[in-house]
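Biologist: Could you take me through the aromatic rings in this model, with a close look at one group of them? I'd love to hear how the rings are set against each other and how much of them is open to the outside.

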Amino acid sequence: MDYNELIKTTVNTLQPDMYEQIKPVLIPEYLSFSIIPEEEITLGILSEKLCDYFEKLELKTGKSFDKYVESYLKDLDSIVERRIEKTPQPKKNDPTPVAVPRARKYYEKAASMKKTRALSTNNLVDYTRIMLCLYTAIIKNGFKEIDNFDFSSDCLNPLDIIGAMKNEQEPVAIKIGKKSKFDIKDLYCSDTCTFILTIVIVYKILNDRVQEEADNE
């Protein structure tokens, strides 16, 4: 996947109101400007800065952007899959079809997208929408298993999603206790890239919803 094309079809297409919302989420935590005042940062400048970030990320780490997209897909999967109710095992000698939980159906649909060899921007946006809608339901359910969820993009709150991801924890090998799942102290690393991609794509999803509503008026 080409990061220039990704930014052109996501950030570069944002409506003015949506751009004003994404700007303070990315700046200055993930993107910083030494000379240009924040009020003078246009959509084009922000898009260029994001492309510069991904270019520098590749140069600093020696990994391709495709590898970071793979990590992004896995990261979202890791915070969602374990909290999706599994399909019940069929009862012995009972021909009644087993009901697959709605959340599990959509999760499996997203998982199949992840296996696509040549992932397009549309695939990435569709995958993210399913996973973040599931994750939103998980957040609202106190991070417990869910069997259903709201697939409407209206439910997505970028700040709630990013805040929850920052608080995700995982067990520490050998030692007792847990540690933060994502380490975003280093700007040029896989975890930080995952957060930036999440922000970029969730605002694209919200922008598409606003655009659709405007077209239907």
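Modeller: Let's start with Phe151, which is partly exposed in this predicted model: its relative accessible area is 23%, and the buried class needs a value under 20%. Phe151 sits in the loop between helix 6 and helix 7, and its ring partner, Tyr106, belongs to helix 5, so that the pair links parts of the chain 45 residues apart. The two ring centres lie 5.1 Å apart; because the planes of Tyr106 and Phe151 meet at 50 degrees, the pair is tilted.

Tyr106 also pairs with Phe149. Here the centres are again 5.1 Å apart, but the planes stand at 75 degrees, and since edge-to-face begins over 60 degrees, that is the class for Tyr106 and Phe149. This pair, too, links distant parts of the chain: Tyr106 lies in helix 5 (residues 102-114) and Phe149 in the loop between helix 6 (121-140) and helix 7 (158-166), 43 residues apart.

As for accessibility, Tyr106 is partly exposed at 23%, whereas Phe149, at 8%, is buried.

Looking further afield, the model has 10 aromatic pairs. One aromatic cluster is made up of Tyr3, Tyr53, Phe54, Phe65 and Tyr188. Some rings also have a charge over them: Lys49 lies over the face of Phe33, 4.9 Å from the ring centre, and Lys181 has its charged end over the ring of Phe182, at 5.5 Å from the centre.

Terms used: Residues are numbered from 1 along each chain as its sequence is written. This is a predicted model: local features need pLDDT of at least 70, side-chain atom pairs count only at pLDDT 80 or more; totals for chains, interfaces and linings use all residues. Side-chain values use heavy atoms; hydrogens and water are left out. Rings of Phe, Tyr and Trp (its six-membered ring) pair if their centres lie within 6.5 Å; planes under 30 degrees apart count as stacked, over 60 as edge-to-face and the rest as tilted. Helices (H or I, at least four residues) and strands (E, at least two) are DSSP runs, numbered from the N terminus. Buried means under 20% relative accessible area, exposed over 50%, partly exposed in between (1.4 Å probe, protein chains only). A charge sits over a ring if NZ of Lys or CZ of Arg is within 6 Å of the ring centre and within 35 degrees of the ring normal.
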